[in-house]
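Thanks, everyone. I have one structure to go through today, and I will put it up now.

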Amino acid sequence: MKKLLHAMSVATFALSATPALSDQVFVAMQCKLVGEKSDEEVIAAAKKWLAAARTVPGGKELRLSIHFPVAGGPPDADFVFVLRAPSFETWGRFWDNYAGSAAEAIDEAADEITQCSSGRLYGGVDIQPE
């Protein structure tokens with residue numbers, strides 16, 4: 001999860017390049033387990049991190065999901081970490097206050113459990129059927 005810092009740093013640049021239609025922001029990172037760590041340890045660490053992240057200004061509305069591969073070819077990762085904010089404004093407020101927060105401290109300690117590649121920041125639009 002330490003790579004979360006790198007992934008979130010692109011937020012500043014992405015704000016100017018994101019489609020005007022985006023109504024949600026996502027960060028997705030592919031992650032590998034360290035040593036003999038388990039999926040359960042990842043989930044426990046993610047819950048702890050999210051609880052801390054929601055105390056950061058702008059973090060109250062964050063949503064987090066962990067996605068484990070279940071079918072298909074060989075996985076590129078042991079899991080995908082997906083963090084969602086309801087808007088770029090919310091994301092920016094959270095990111096502006098992340099440095100020095102309890103969530104950042106947990107993020108740095110998570111290297112004992114998982115290693116994540118640098119993520120991507122996405123703007124998303126929910127699609128409704130016609």
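Start with Phe 79, and with what surrounds it in this predicted model. Leaving out residues up to four places away in sequence, Phe 79 touches Met 29, Gln 30, Cys 31, Leu 33, Val 42, Ile 66, His 67, Phe 68, Pro 69 and Thr 114. Phe 79 lies in strand β3, which covers residues 79–85. Is Phe 79 buried or exposed? Its relative accessibility is 0%, so Phe 79 counts as buried. One of those contacts is worth a distance: Leu 33 is 46 residues from Phe 79 along the chain, and their C-alpha atoms are separated by 8.3 Å.

Another name on that list is Thr 114. Thr 114 is found in strand β4, residues 114–116. Thr 114 counts as buried because its relative accessibility is 1%. Its side chain has a polar atom 2.9 Å from the backbone oxygen of Lys 32.

Thr 114 also turns up among the contacts of Val 34. Val 34 sits in the loop between β1 and α3. With neighbours within four places in sequence set aside, Val 34 is in contact with Asp 111, Glu 112, Ile 113, Thr 114 and Gln 115. For the pair Val 34 and Ile 113, the C-alpha atoms are separated by 5.2 Å, with their positions 79 residues apart along the chain. Val 34 has a relative accessible area of 27%, so it is partly exposed.

A further pair of this kind involves Ser 117, in the loop between β4 and β5, the latter being residues 120–124. The C-alpha atoms of Ser 117 and Gln 30 are separated by 5.7 Å, and the two residues are 87 apart along the chain. Ser 117 is partly exposed, at a relative accessible area of 36%.

Now the chain as a whole. How many helices and strands does the protein chain have? There are 5 helices and 5 strands, and along the sequence they run α-α-β-α-β-β-α-α-β-β. Of the contacts with a separation of 6 or more, 79% are between residues 24 or more positions apart. The protein chain has 130 residues, 38% of which count as buried. Its accessible surface comes to about 7,600 Å², and carbon and sulfur atoms account for 54% of that.

Next, the core. In soluble globular proteins, nonpolar side chains tend to be buried together. Here the largest nonpolar core has 26 residues, and those touching the most other members are Trp 49, Leu 62, Phe 81, Trp 91, Phe 94 and Ala 103. Which elements give two or more residues to this core? They are β1 (24–33), α3 (39–53), β3, α4 (88–98) and α5. The largest share comes from α3, with 6 residues.

Two of those helices deserve a closer look. In α5, residues 102–109, the buried residues are Ala 103, Glu 104, Ile 106 and Asp 107. These residues are on the same side of α5, because they cover an arc of only 160 degrees around the axis. Note that Ala 103 is also one of the core residues I just named.

In α4, the buried residues include Phe 88, Thr 90, Trp 91, Gly 92, Phe 94, Trp 95 and Tyr 98. Trp 91 and Phe 94 were also on the core list. Just after α4, Gly 100 takes a positive phi of about 85 degrees.

That leaves the charged pairs. Side chains of opposite charge can pair when their charged atoms come close. How many salt bridges does a search of the whole structure find? It finds 2. One is in α4, where Glu 89 and Arg 93 lie 4 residues apart, about one turn of the helix. The N to O distance in the salt bridge between Glu 89 and Arg 93 is 3.7 Å. Glu 89 counts as exposed, at 60% relative accessibility, and Arg 93 is partly exposed, at a relative accessible area of 35%.

The other salt bridge joins Lys 37 and Glu 41, with the closest N and O atoms 3.9 Å apart. Lys 37 has 30% relative accessibility and counts as partly exposed. Glu 41 also counts as partly exposed, at 32% relative accessibility.

That is what I have. I will leave the structure up for discussion.

Methods:
Residues numbered from 1 in each chain as written. Predicted model: local features only at pLDDT ≥ 70, side-chain atom pairs only at ≥ 80, totals over all residues. Heavy atoms only, no water. Buried < 20%, exposed > 50% of the residue type's maximum accessible area, 1.4 Å probe, protein only. Arc of directions from axis to C-beta. Contact = heavy atoms within 4.5 Å. Areas by Shrake-Rupley, 256 points an atom, 1.4 Å probe, with all protein chains shown as cover. Core = buried A, V, L, I, M, F, W, Y, C linked by side-chain atoms within 4.5 Å. Salt bridge = Lys/Arg side-chain N within 4 Å of Asp/Glu carboxyl O. Polar contact = N/O pair within 3.5 Å; in protein donor to acceptor, adjacent residues only side chain to side chain.
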